[in-house]
Amino acid sequence: DGDGNGDSDGEGEMGVLDPESDVKVIDQLLEMVKKEKEYDEGEEERSVDMANVEVEIAQKEGMLTTLKHSLTQYHKLKVENDHLLAELVTLDAEKLTLAAQLEEQE
């Protein structure tokens, strides 16, 4: 949509929604959190390589941006699905009314 926030309509620059890929991204994030926890519980006087930390932060930001985009797309699909289901209920009721009217005319 051109506003730069990544929530374009339908298939954006991020590509097609892929639930399996999203689960893999979530698993990777969970693994990173687990490693961070293990690190925090480990030796207290380790030297920290800031370049690696910055790379991990950039990777996490990318993963979270991808997940945010996917969640936005899933939300749009859910809203569209809810709308279509409501329309289906309306059309089904109309069909029953028309069938009853046709039966009355016969």
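Lys95 and Asp92 sit 3 residues apart in helix α2, about one turn of the helix. I start there, in a predicted model, with a salt bridge between the two whose closest N and O atoms are 3.7 Å apart. Lys95 is exposed, with a relative accessible area of 52%, while Asp92 is partly exposed at 38%.

Further back in helix α2 there is another pair, Asp82 and Lys78, 4 residues apart and again about one turn of the helix. Their side chains form a salt bridge with an N to O distance of 2.9 Å. Asp82 is partly exposed, at 37% relative accessibility.

The structure has 3 salt bridges, and the one I have not yet described joins Glu36 to Lys60, with the closest N and O atoms 1.8 Å apart. Glu36 belongs to helix α1 and Lys60 to helix α2, so this pair ties together parts that are 24 residues apart in sequence. Is Lys60 buried or exposed? Lys60 is buried, because its relative accessible area is 17% and the cut-off for buried is under 20%. Its partner Glu36 is partly exposed, at 32%. Leaving out neighbours within four places in sequence, Lys60 contacts Leu29, Met32 and Glu36.

Two of those contacts bring us to the core. The largest nonpolar core consists of 5 residues, namely Val25, Leu29, Met32, Met63 and Leu67. Helix α1, residues 19–41, and helix α2, residues 50–105, each supply at least two of them. Which helix gives the largest share? That is α1, with 3 residues. As a general point, nonpolar side chains in soluble globular proteins tend to be buried together. On the α2 side, Leu67 touches Asp22, Val25, Ile26 and Leu29, not counting residues up to four places away in sequence.

Now the surface. Met50, Val53 and Ile57 make a nonpolar surface patch of about 250 Å². Met50 lies in helix α2.

Last, the chain as a whole. Its secondary structure is 2 helices and 0 strands. Of its 106 residues, 11% are buried. The chain exposes about 8,900 Å², and carbon and sulfur atoms supply 57% of that area. Among contacts with a separation of 6 or more, 81% are between residues 24 or more positions apart.

To sum up, the Glu36 and Lys60 salt bridge links helix α1 to helix α2, and both helices supply residues to the largest nonpolar core.

Conventions. Residues numbered from 1 in each chain as written. Predicted model: local features only at pLDDT ≥ 70, side-chain atom pairs only at ≥ 80, totals over all residues. Heavy atoms only, no water. Core = buried A, V, L, I, M, F, W, Y, C linked by side-chain atoms within 4.5 Å. Buried < 20%, exposed > 50% of the residue type's maximum accessible area, 1.4 Å probe, protein only. Contact = heavy atoms within 4.5 Å. Patch = residues over 30% accessible without salt bridge, like charges linked within 9 Å, V, L, I, M, F, W, Y side chains within 5 Å. Areas by Shrake-Rupley, 256 points an atom, 1.4 Å probe, with all protein chains shown as cover. Salt bridge = Lys/Arg side-chain N within 4 Å of Asp/Glu carboxyl O.
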